[in-house]
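Colleague: I would like to walk through this model with you. May I ask some questions as we go?

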Amino acid sequence: MVTLSAEQQQKLRDIAKARKEENERLALEMEVPIDQIELFLGRATVQRIEKSRDISGFDLFKKDWYKSNPGNNPLKSNHLVSAAWKEVSSEQKQVYHELAVKQNTKPPTLNPSASTRTNERRGFMNDMKKLADMLSLKCGVESFIVLSSRIPGENFGEITGSDKGLLAAEDLRWTQSFLEFGLKIQNNEIGDREEQPPPPRPIKKARKNMNEGRQFIAHRMKELYREIVGYGVVPYSNWETEKHKLEIDIVGWPEGMPFTAHAFKRDQMQEIINALEQGKIKFISTKQPLKKENNDTNETKMAM
C-alpha cells in the first residue's frame, strides 16, 4: 500500500472538495438531486456494448431489395441481391454506407436500459453464486446475501448465497423479512434510524428447527469424540470398523436408531438432543485392562 505525504493528502482533500462543489453546482443547474448526479457521473465511463458485426451498406441495400421484391426466399436469392448490388452506382452505394455508419454509431449511455441492467446483474449474480458455492465446498462457509438497487424508483431486490445458507435463512424466516426491508431502503421508505431491520428470530432450543438440531448434534458428537480420541470427526459411515481399530464404543445412543448425525426424523432428533443435554451419550474406551494376576507377578518381580 502506498504511503502518501501530508502534502499529497492535502492535495487530494482539495480535489475532493472541488469535485463536491462542482457536483452541487451541476445539481442546482440541471435541477437534478445530488445523489443522482453522483450516480450518473459514476456511469459516465460506461462503454458501449459492441455488436458482433456492424451493419454494412450492403445489408441496408439487401433489406430494401427484399421489400421491393417480395416473395423471394432469402436463403435462395443471395445471388440475385449480389447481382443487383453490382449494378448500383458508386454515389448510391455511398449513401447506403453513410446510413450504415450512422446506425452503427451509438454514444455511451449514462442511464442503461432496464434490460441492459438486468443482463449485467444476471452475470454478476451467477459469479456471486459460484463464489458462494466455492466458499461452502472448500471453506465450509455458508452465506446468505440480500441485494437491492440504489437507483431511485427502481424496484429490484434479490437474494443469493450458498444452498445451505439459503435453507437456513428460510428456516429462520430471514428471507422475506430482509428482502422486504431492502426494498424499503431503495424506495426511501425508511425515514429515521429508529426503524431497524427485524432481528433474526431467536431459536432458544435446537430441537425447534431441523437444520439447527442437526448442526447441534454433529457439533456436540464431534466434541465428545475428540475428548476420548483427541482428534478428527466421528466416522459414522464405517463406525463398526473404526471403533474396533480405535478400541472405543458409544453408550447412551437411543436403541434402534441409526448412528448418524443427519438422517433422522424430528422426534428422533429430539430424543438424541435430550440425551446429549442430559449427558447420557458419550464415548468410552474398550481397551482391555491388564489382569490382576499379571499385575501381581510384575509387582513380585520388581520387588525381587
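Modeller: What follows is a set of questions and answers on this predicted model.

Colleague: How many helices and strands does the chain have?

Modeller: Start with the overall make-up. Buried residues make up 24% of the 304 residues in the chain. As for secondary structure, the chain has 12 helices and four strands.

Colleague: Among contacts with a separation of 6 or more, what share comes from residues 24 or more positions apart?

Modeller: Take the contacts in the chain with a separation of 6 or more. Then pick out those between residues 24 or more positions apart. Their share is 56%.

Colleague: What span should helix α9 have, and how far apart are its end C-alpha atoms?

Modeller: Helix α9 runs over residues 210-229, which is 20 residues. The rise is 1.5 Å a residue, and the expected span is 1.5 Å times one less than the number of residues. That gives 28 Å, and the end C-alpha atoms agree, being apart by 28 Å.

Colleague: Where around the axis of α9 do its buried residues lie?

Modeller: The buried residues of α9 are Met-210, Gly-213, Ile-217, Met-221, Leu-224, Tyr-225 and Val-229. They cover an arc of only 120° around the axis, so they lie on the same side of α9.

Colleague: Which elements do those buried residues pack against?

Modeller: Two helices and two strands are named here. The helices are α10 (239-246) and α11 (266-277). The strands are β3 (248-251) and β4 (282-285).

Colleague: Which residue just after α9 takes a positive phi?

Modeller: Look just past the end of the helix. Phi there is about 100°. The residue is Gly-230.

Colleague: Which element gives the most to the largest nonpolar core?

Modeller: The largest nonpolar core has 21 residues, and Met-221 and Phe-283 have the most contacts inside it. α9, β3 and α11 each supply at least two residues of this core. With six residues, the one that gives the most is α9.

Colleague: Which residues of α9 does Phe-283 touch?

Modeller: Leave aside the neighbours of Phe-283 within four places in sequence. Its contacts then include Val-234, Trp-239, Asp-249, Ile-250 and Phe-259. Helix α9 covers residues 210-229. Within that range, the contacts of Phe-283 are Met-221, Leu-224, Tyr-225 and Ile-228.

Colleague: Is Phe-283 buried or exposed?

Modeller: A residue counts as buried under 20% relative accessible area. Phe-283 has 8% relative accessibility, so Phe-283 is buried.

Colleague: Of stacked, tilted and edge-to-face, which describes the rings of Trp-239 and Phe-283?

Modeller: Trp-239 is in helix α10 and Phe-283 is in strand β4, 44 residues apart. Their ring centres are 5.8 Å apart and their planes are at 65°. Planes over 60 degrees apart count as edge-to-face. Therefore the pair is edge-to-face.

Colleague: And which describes the rings of Tyr-236 and Phe-259?

Modeller: Tyr-236 lies in the loop between α9 and α10, while Phe-259 lies in the loop between β3 and α11. Their ring centres are 5.1 Å apart, with the planes at 50°. Stacked pairs have planes under 30 degrees apart, and edge-to-face pairs have planes over 60. An angle of 50° fits neither, so the pair is tilted.

Colleague: Which residues form an aromatic cluster?

Modeller: The model has 10 aromatic pairs. One cluster contains both ring pairs just discussed. Its members are Tyr-225, Tyr-236, Trp-239, Trp-253, Phe-259 and Phe-283.

Colleague: What backbone atom does the side chain of Asp-59 reach?

Modeller: Asp-59 is found in helix α3 (residues 57-68). Asp-59 is buried, with a relative accessible area of 16%. At 3.0 Å, its side chain reaches the backbone nitrogen of Ser-56.

Colleague: Which residues does Ala-84 contact?

Modeller: Ala-84 sits in helix α4 (residues 78-86). The C-alpha atoms of Ala-84 and Phe-61 are separated by 9.4 Å. Beyond neighbours within four places in sequence, Ala-84 contacts Phe-61 and Trp-65.

Colleague: Is Glu-31 buried or exposed?

Modeller: Glu-31 is in the loop between α1 (6-30) and α2 (34-42). Its phi is positive, about 55°, although it is not a glycine. Most residues other than glycine have a negative phi. With a relative accessible area of 73%, Glu-31 is exposed.

Key. Residues are numbered from 1 along each chain as its sequence is written. This is a predicted model: local features need pLDDT of at least 70, side-chain atom pairs count only at pLDDT 80 or more; totals for chains, interfaces and linings use all residues. Side-chain values use heavy atoms; hydrogens and water are left out. Buried means under 20% relative accessible area, exposed over 50%, partly exposed in between (1.4 Å probe, protein chains only). The arc is that of the directions from the helix axis to the C-beta atoms. Contact means heavy atoms within 4.5 Å. A nonpolar core is a set of buried Ala, Val, Leu, Ile, Met, Phe, Trp, Tyr and Cys residues joined through side-chain atoms within 4.5 Å. A polar contact is a pair of N or O atoms within 3.5 Å; within protein, one must be able to donate a hydrogen and the other to accept it, and residues adjacent in sequence count only if both atoms are side-chain atoms. Rings of Phe, Tyr and Trp (its six-membered ring) pair if their centres lie within 6.5 Å; planes under 30 degrees apart count as stacked, over 60 as edge-to-face and the rest as tilted.
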